[in-house]
Amino acid sequence: MELNTRSKQSTNTKGKAKAMAKIVEEEEETEDFFSSSGCGCFLCAIKQPDARLRRASLADFFRELPYCEDDGSNGQSCAAAVGAVWRAAMAAPDDPELPSLGAIRCMSLLLARALTDAAWCGRGDNVYVPYYAAHVIGSYTIRSSAHAELAVTAGAVRPLMALLGGAMTWVEQRAAARALGHLASYDATFPAVARHAAEAVPLAVRAASTCIADVYANFVALAPIRRPKYQRDLMACGLGGGADAEDRKAEEWASQLQCWSLYFLSCLASRDLSSHAMICQDAVFLRELSRMWGGLANGDSPAGVGLLRLLCRSPVGRAALAACRDALSSLCDLARSSDDWQYMAVDCLLLLLDDRDTWHAVADATAACLIDLVDLRHLGPRRRLGDAIATALLRDDDHVGGRELGVEAKEAMGSLRELKQERKEIEEAMPSDELLKREILAKEKKREGNDSFLHGDVDKAIDLYTEALELCPLSRRRERLVLHSNLAQCRLARREADAAVSDATRALALARPANAHARSLWRRAQAYDMKGMARESLLDCLAFAGAWLDRRRHPRRAARGANPKLPYCVARMISKQMSVTGLFAGVTMNGNKVGGDDCMPRCSENDDGDDEDDEDDDSDDDDESEEEFAGNAGLKICKKGVANCHGRCLEKISPDDIKLQTFCYLMTRLS
């Protein structure tokens with residue numbers, strides 16, 4: 001992730017009265033899990049209409065609160081008062097009034113007291129105080145450098161570090177990771193955090209590495225009656241829902257703890273290159289880093305790959321990653337996926353290939369995968385990415401330093417050189433009539449390949465599609481896309497998962513926009529499932545589902561009667577992969593394969609799934625350019641337009657077949 005210095009935010013006072021009124025209303029109408037629903041002197045001070053009296057009352061309140069006992073002022077518990085401040089911070093994090101009157105200093109003192117006085121922290125409802133106090137600091141510093149400076153001046157760094165190190169539980173650790181990440185993101189407060197880097201880096205690394213197992217062992221795996229009551233209260237927030245709701249919230253919070261720990265490390269790594277060596281000391285952490293992701297709940301976080309890209313900007317980081325074969329393999333997997341952060345994985349590999357000292361190790365490990373992406377045009381914010389990959393791989397011999405590559409990498413380099421240099425030069429010098437003849441021959445080979453597959457001769461179909469690819473001009477991107485996609489279907493029929501992934505990825509690299517070819521997405525999803533790569537399979541399934549459901553919005557396809565309902569086999573695959581890609585799946589179960597009846601759905605008649613405005617489009621592509629062959633006998637479409645597999649209607653699937661969370665995600669993200 002690129003970390004830009006956040007400027008000091010200007011004070012916005014227009015919504016202050018409305019925010020404070022909302023807080024007062026919530027305090028008066030909502031009965032929380034504490035003994036009383038009011039918030040004592042804090043509520044009285046907030047309701048004071050005279051600004052001078054209100055500020056004086058609030059200042060007195062924050063000055064006295066860290067030293068109050070259980071009953072506090074006016075019979076109100078300390079925990080309820082801190083909870084009221086937390087709600088104020090969440091409602092108006094940019095409002096400077098409470099921080100300027102001592103709210104942040106008060107929270108810092110409360111954290112210090114909770115850490116040093118175990119008897120006080122365990123008395124009554126005071127167990128809630130550290131969580132709320134850390135969250136107040138995190139909320140007020142989320143966008144304000146001035147508030148962050150107040151937190152540093154108040155001495156908040158040390159108690160937050162103790163919480164990050166596990167001085168209490170994972171719940172407080174999560175709030176501390178959030179606050180420390182904010183403090184480390186400003187130029188003004190970064191030095192105060194960086195002074196503790198030697199301690200902070202190992203703590204954050206350990207938190208990111210162990211938090212999933214920790215949350216599972218200390219909360220999810222426990223019977224509801226054995227779970228800490230205050231943790232259950234914090235996650236329920238008075239909404240109820242039982243153990244299932246608590247488990248979902250625990251998974252979300254565990255993901256946030258991991259992502260916020262990685263963000264904290266990224267803040268340190270972006271401003272202090274010396275921290276790279278400390279981060280890279282843990283080989284196990286480095287190996288697992290690219291596999292750490294925000295999941296579906298925190299998909300807007302680059303998580304591990306964001307930190308990896310920062311590490312790739314220093315020689316020590318590049319050297320450590322080049323020496324870690326598993327990390328390179330994980331980056332290749334991410335680069336050949338439908339993940340929103342795919343471009344970051346490609347960035348990492350390009351940075352590694354651009355270094356003379358790491359080129360050989362990285363090229364040897366990744367060339368066979370990266371050549372699948374050399375036809376990429378645009379990906380996210382990146383332009384001409386395929387050309388950049390080809391240039392990075394095809395270095396001069398002087399850059400390689402005379403060292404020999406492995407057999408697989410040498411073959412990949414030879415294939416890339418033939419495609420991007422020799423063949424390109426030949427076709428550029430070729431007359432247009434000759435190119436047209438080659439294109440016609442390629443289409444004929446493709447039709448012959450379709451017939452061969454339909455008659456069960458998969459080997460001959462592969463040979464014919466390969467010959468067609470050799471004939472098809474490089475400028476005919478759409479025709480080459482279809483050929484690679486059909487080759488992927490052939491590889492699936494032969495259970496050659498690696499080859500199917502390669503051909504499907506090449507097809508998706510040729511699509512406009514990238515990864516927009518629905519059939520290739522589904523084929524690669526099946527291939528990844530064969531390989532046991534559930535996350536990659538899930539992401540391709542979701543991308544396919546999005547493309548399928550979006551067809552209802554396309555006028556031309558709607559006129560042709562394209563069916564927008566999601567096929568049962570796709571929904572079942574999504575459900576299966578979601579069950580094994582959850583954060584706790586690795587702790588609780590081993591992966592398993594989807595059954596053989598996950599057949600390939602037709603996108604629609606006479607449709608190859610590509611963009612309508614492709615300048616390389618021609619009528620033949622919309623005819624039988626991508627014939628769907630074996631494996632479709634079980635897929636039927638109900639009269640109601642609902643996909644059906646072996647007679648089972650999607651509308652009648654039980655909750656065990658298609659989980660509610662699958663549909664919630666599809667409705668919010670895909671429809």
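**Met530**

I started with Met530 and looked up its cover: the residue is buried, with a relative accessible area of 19%. I note that the cut-off for buried is under 20%, so Met530 falls inside it at 19%. I place Met530 in helix 30, which covers residues 518-530. I then checked a partner remote in sequence and found that Met530 and Glu496 are 34 residues apart along the chain. Their C-alpha atoms are 8.8 Å apart in space. I keep in mind throughout that this is a predicted model.

**The whole chain**

I counted 35 helices and five strands in the protein. Of its 671 residues, 55% count as buried. I looked up the exposed surface and have about 28300 Å² for the protein, with carbon and sulfur atoms supplying 50% of it. For contacts with a separation of 6 or more, I find that residues 24 or more positions apart account for 73%.

**The loop before helix 30**

I went back along the chain to the loop between helix 29 (497-510) and helix 30, where Pro513 sits. The peptide bond from Arg512 to Pro513 is cis, and I have its omega near -10 degrees. In that loop between helix 29 and helix 30 I also find Asn515. Asn515 is not a glycine, yet it has a positive phi of about 65 degrees. I set both entries against the usual picture: most residues other than glycine have a negative phi, and most peptide bonds are trans. Asn515 counts as buried, at 16% relative accessibility.

**Arg384**

I looked for another positive phi and noted Arg384, which has about 50 degrees and is not a glycine either. Arg384 is in the loop between strand 2 (382-383) and helix 23 (385-393). I asked whether Arg384 is buried or exposed. Arg384 is exposed, with a relative accessible area of 56%.

**Ala323**

I placed Ala323 in the loop between helix 19 (315-322) and helix 20 (325-335). Ala323 is exposed, with a relative accessible area of 67%. I checked its distance to Val362, which is 39 residues away along the chain, and the two C-alpha atoms are separated by 8.5 Å.

**Helix 18**

I went through helix 18 (residues 303-311) one residue at a time, and the helix is mostly covered, with nine of its nine residues buried. The buried residues of helix 18 include Ala303, Gly304, Val305 and Gly306. Arg309 is also one of the buried residues in helix 18.

**Cysteines**

How many disulfides does the count give? I get zero disulfides. For Cys369, which is in no disulfide, I find the nearest cysteine sulfur to be that of Cys332, 4.3 Å away. The cut-off for a disulfide is sulfur atoms within 2.5 Å, so the 4.3 Å between the sulfurs of Cys369 and Cys332 does not meet it. Cys369 counts as buried at 19% relative accessibility. I also looked up Cys490, which counts as buried at 0% relative accessibility.

**Two annotated spans**

I took two features from UniProt, both from an unreviewed entry. The record lists residues 409-436 as "coiled-coil region". In the model I find this span to be 93% helix and 0% strand, with its end C-alpha atoms 33 Å apart. UniProt also places "repeat: TPR" at residues 442-475. For residues 442-475 I have 79% helix and 0% strand, and the end C-alpha atoms are 13 Å apart.

**Arg423**

I found Arg423 in helix 25 (residues 407-429). Arg423 counts as buried, with 12% relative accessibility. Leaving out residues up to four places away in sequence, I list what Arg423 touches: Glu418, Leu469, Glu470, Leu471, Cys472, Pro473 and Leu474.

**Helix 31 against helix 33**

I last looked at helix 31 (residues 534-550) and helix 33 (residues 568-581), whose axes come within 9 Å and cross at roughly 145 degrees. The crossing of helix 31 and helix 33 is left-handed. On the helix 31 side I list, among the residues that make the contact, Ala534, Leu538, Cys541 and Phe544. On the helix 33 side the contact residues include Val570, Met573, Ile574 and Gln577.

How values were computed:
Residues are numbered from 1 along each chain as its sequence is written. This is a predicted model: local features need pLDDT of at least 70, side-chain atom pairs count only at pLDDT 80 or more; totals for chains, interfaces and linings use all residues. Side-chain values use heavy atoms; hydrogens and water are left out. Helices (H or I, at least four residues) and strands (E, at least two) are DSSP runs, numbered from the N terminus. Buried means under 20% relative accessible area, exposed over 50%, partly exposed in between (1.4 Å probe, protein chains only). Contact means heavy atoms within 4.5 Å. Accessible areas come from the Shrake-Rupley method with a 1.4 Å probe; for residues, only the protein chains shown count as cover. UniProt positions are given in the numbering used here, feature names are shortened, and annotations may be inferred rather than shown by experiment. Axes are lines fitted to C-alpha atoms, for helices over the stretch in contact, and angles run from 0 to 180 degrees between N-to-C directions. A crossing is left-handed if the near helix is turned anticlockwise from the far one by less than a right angle, and right-handed if clockwise.
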